[in-house]
Amino acid sequence: MSLLQPGETIVLQARRHWFIIALEGAMFVGLALVPFVLLPAAAAIVPGVGALFAGPRVFAVTGFILHVWLLLLWMFFFVAWTNYYLDILIVTDRQVIDIEQFNLFARDQVIVPLQNIQDLKVEVVGLFPTILGFGDLHIQTASSLREVVVRGIRNPQEVKKVISTVYHAMAPPGEPEAAQALGEQTNTQLRI
Amino acid sequence: MIVTQPVVVSPLLRVIVALGFLLVMLFFTLISIFLNYHWHKYEVDPGRTRIQRWTYFGVSSVLVVGMIIFGVMAIL
């Protein structure tokens with residue numbers, strides 16, 4: 001990966017919790033079902049609508065519009081999924097990289113060297129985040145950026161612990177053996 | 001004796017369906033290009049999006065074929 005320096009080891013990769021994309025997916029499924037619910041309902045309630053759809057021409061036009069609707073929803077769901085999938089937090093033995101994909105045309109990459117981290121804070125607010133174990137991770141930095149917020153991350157306490165461990169075990173420059181030992185200690189690469 | 005009347009398709013309907021189809025296909029092509037670009041360029045682990053890519057293009061193809069069939073049925 002081009003963001004990494006030569007010899008740098010990835011210790012952890014963390015993504016947003018699956019509940020976030022599942023919620024968006026449920027919304028798309030609901031929207032996809034709207035015509036399948038509305039048309040039979042209209043046919044049952046309004047007299048004459050059922051007979052109207054019995055005609056082959058209207059049936060074909062309705063089928064065409066339905067396919068257009070489903071294709072558009074399918075595309076928008078995958079745009080949402082791509083935004084979810086490309087949002088990632090990478091912790092290496094030298095830095096923390098937070099990549100945030102807002103939409104197809106907006107992307108943000110924040111790189112915080114480990115020595116610039118001043119404080120870590122985990123925020124879990126709400127019923128589902130508490131039950132499912134996801135929340136926000138606030139990384140206070142010494143740089144002009146001040147604070148990096150990683151939202152909706154899985155197991156934020158675990159991520160905080162790993163960053164803290166890596167921070168304290170940070171190898172001084174010119175000691176690659178220590179960094180290698182750290183990679184072995186943390187099972188080389190964790191996925192959360 | 002059965003008397004059949006020729007089916008008259010409104011020219012407006014043909015134009016609407018044809019234009020709708022072209023617009024949706026243009027939009028689909030653009031979004032697919034952008035999505036594919038992102039999957040290739042920004043993927044952290046190369047190869048992990050292969051299944052998702054196949055799913056996206058597989059289901060999209062089915063929907064496009066359905067759209068073409070119903071579109072042709074509507075204007076012929």
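## A salt bridge, a helix pair and a two-chain interface

Arg16(A) pairs up with Asp87(A) in a salt bridge, and their closest N and O atoms sit 3.2 Å apart. The two partners come from distant parts of the chain, 71 residues apart. Keep in mind that this is a predicted model. Beyond that pair, there's a helix-on-helix contact inside chain A to look at, plus the contact of chain A with chain B.

**Salt bridges**

- Side chains of opposite charge can pair when their charged atoms come close.
- Arg16(A) lies in the loop between E1 and H1 of chain A, while Asp87(A) lies in the loop between H3 and E2 of chain A.
- Searching the whole structure turns up 3 salt bridges over all chains.
- Across the interface of chain A and chain B, though, the rule finds 0 salt bridges.

**H1 against H3 in chain A**

- Two packed helices are described by the angle between their axes and the distance between the axes.
- Helix H1 of chain A spans residues 18-45, and its axis comes within 10 Å of the axis of H3(A), with a crossing angle of roughly 175°.
- An angle over 145 degrees counts as roughly antiparallel, so that's what H1(A) is relative to H3(A).
- On the H1(A) side, the contact residues include Trp18(A), Phe28(A), Pro35(A), Phe36(A) and Leu39(A).
- H3(A) answers with residues including Trp69(A), Phe76(A), Phe77(A), Trp81(A) and Tyr84(A).
- Sorted by type, the residues of this contact of H1(A) with H3(A) come out as 17 nonpolar, 2 polar and 1 charged.

**Chain A against chain B**

- Chain A puts 30 residues into the contact and chain B puts in 35 residues.
- About 3000 Å² is buried between chain A and chain B, and carbon and sulfur atoms give 79% of that area.
- Arg57(A), Phe64(A) and Leu71(A) together supply 23% of what chain A buries against chain B, more than any other three residues.
- As for polar contact, the rule picks out 5 residue pairs across the interface, both residues at pLDDT 80 or more.
- Three elements of chain A each give at least two residues to the side touching chain B: strand E1 (10-15), helix H3 (56-85) and strand E2 (88-92).
- H3(A) contributes the largest share of that side, with 19 residues.
- By residue type, the side of chain A that touches chain B splits into 21 nonpolar, 5 polar and 4 charged.

Definitions and conventions
Residues are numbered from 1 along each chain as its sequence is written. Chains are lettered from A and ligands numbered from 1 in the order in which they are written. This is a predicted model: local features need pLDDT of at least 70, side-chain atom pairs count only at pLDDT 80 or more; totals for chains, interfaces and linings use all residues. Side-chain values use heavy atoms; hydrogens and water are left out. Contact means heavy atoms within 4.5 Å. Buried area is the accessible area (1.4 Å probe) that two parts lose on being put together, summed over both. A salt bridge is a side-chain nitrogen of Lys or Arg within 4 Å of a carboxyl oxygen of Asp or Glu. A polar contact is a pair of N or O atoms within 3.5 Å; within protein, one must be able to donate a hydrogen and the other to accept it, and residues adjacent in sequence count only if both atoms are side-chain atoms. Helices (H or I, at least four residues) and strands (E, at least two) are DSSP runs, numbered from the N terminus. Ala, Val, Leu, Ile, Met, Phe, Trp, Tyr, Cys and Pro count as nonpolar, Asp, Glu, Lys and Arg as charged, and the others, Gly among them, as polar. Axes are lines fitted to C-alpha atoms, for helices over the stretch in contact, and angles run from 0 to 180 degrees between N-to-C directions. Angles under 35 degrees count as roughly parallel, over 145 as roughly antiparallel, 65 to 115 as roughly perpendicular and the rest as oblique.
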